[in-house]
Amino acid sequence: METNIINVGNSKGIIIPAKLLKIFGFENTVNIEIQGDSLVISSSKNSRLGWEDLIKKEIETNGPSKSLLPDFFEDEKDEWTW
């Protein structure tokens, strides 16, 4: 299926036929990601599906960690007022 890119304010957009939205279960939000040279749009209903398995695999591979996220604010903690 081919569709046109249209102006939407200062951005660009595409028209997705209502039938396709219904078939894929797209509602108010979607996930958009780049895979190779393609833009992939998927339902955000199950955006966390599989996270638990990925975290378990990470722990099995690298061992438990203090945090799976970097501590971006470590250097600013002394300046915080509580």
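Q: Hi! How many salt bridges come up in this one?
A: Hello! The count comes to one salt bridge. Keep in mind that this is a predicted model.

Q: Okay, which side chains meet in that salt bridge?
A: Those of Glu52 and Lys56, with 3.2 Å from N to O.

Q: Where do Glu52 and Lys56 sit relative to each other?
A: They are both in helix α2, which covers residues 51-62. Because they are four residues apart there, about one helical turn separates them.

Q: And is Glu52 buried or exposed?
A: Glu52 counts as exposed, because its relative accessibility is 55% and the exposed class begins over 50%. Its partner Lys56 has a relative accessible area of 44%, so Lys56 is partly exposed.

Q: Staying with α2, how many of its residues are buried?
A: Zero out of its twelve residues, so to speak a helix that is hardly covered.

Q: How far does α2 reach from its first C-alpha to its last?
A: It reaches 16 Å, close to the 16 Å expected at 1.5 Å a residue.

Q: What comes just after α2?
A: Gly63 does, and this glycine takes a positive phi of about 80°.

Q: Let's zoom out. How many helices and strands are there in the protein?
A: There are two helices and four strands. Along the sequence they follow the pattern β-β-α-β-β-α.

Q: What share of the protein's residues is buried?
A: Buried residues make up 5% of the 82 residues.

Q: And how much surface does the protein expose?
A: About 8,200 Å², with carbon and sulfur atoms supplying 54% of that area.

Q: What about contacts between residues 24 or more positions apart?
A: They account for 5% of the protein's contacts that have a separation of 6 or more.

Q: On to the strands. How do β1 and β2 run?
A: They run antiparallel, and four bridges join them. Strand β1 spans residues 5-8, while β2 spans 11-14.

Q: Which residue in β2 does Ile6 stand opposite?
A: Ile6 stands opposite Gly13. Another pairing links Asn7 with its bridge partner in β2, Lys12.

Q: What do β1 and β2 form, and what's in the turn?
A: They form a hairpin with two residues between the strands. Gly9 is in the turn and has a positive phi of about 60°.

Q: Moving along the chain, where is Pro17?
A: Pro17 is in the loop between β2 and α1, the helix made of residues 18-24. Pro17 counts as partly exposed because its relative accessibility is 32%.

Q: How far is Pro17 from Thr3?
A: Their C-alpha atoms are separated by 9.7 Å, and the two residues are 14 residues apart along the chain.

Q: How about β3 and β4, how many bridges join them?
A: Six bridges, and these two strands also run antiparallel. Strand β3 is made of residues 30-35, and β4 of residues 38-43.

Q: What residue in the turn between β3 and β4 has a positive phi?
A: Gly36, at about 65°. This turn belongs to a hairpin formed by β3 and β4, with two residues between them.

Q: Which residue in β4 is opposite Ile34?
A: Leu39 is the one that Ile34 stands opposite. Both of these residues also help make a nonpolar surface patch.

Q: Ooh, which residues make that patch?
A: Val30, Ile32, Ile34 and Leu39 make it, and the patch is about 420 Å². Strand β3 gives the most to it, with three residues.

Q: Is Ile32 buried or exposed?
A: Ile32 is in strand β3. At 55% relative accessibility it counts as exposed, because that class begins over 50%.

Q: One more from β3: what is Glu33 in contact with?
A: Leaving aside neighbours within four places in sequence, Glu33 is in contact with Ser38, Leu39 and Val40. Glu33 itself lies in strand β3, and it counts as partly exposed because its relative accessibility is 38%.

Conventions:
Residues numbered from 1 in each chain as written. Predicted model: local features only at pLDDT ≥ 70, side-chain atom pairs only at ≥ 80, totals over all residues. Heavy atoms only, no water. Buried < 20%, exposed > 50% of the residue type's maximum accessible area, 1.4 Å probe, protein only. Contact = heavy atoms within 4.5 Å. Areas by Shrake-Rupley, 256 points an atom, 1.4 Å probe, with all protein chains shown as cover. Salt bridge = Lys/Arg side-chain N within 4 Å of Asp/Glu carboxyl O. Pairing = 2+ DSSP bridges. Patch = residues over 30% accessible without salt bridge, like charges linked within 9 Å, V, L, I, M, F, W, Y side chains within 5 Å. Expected span 1.5 Å × (residues − 1).
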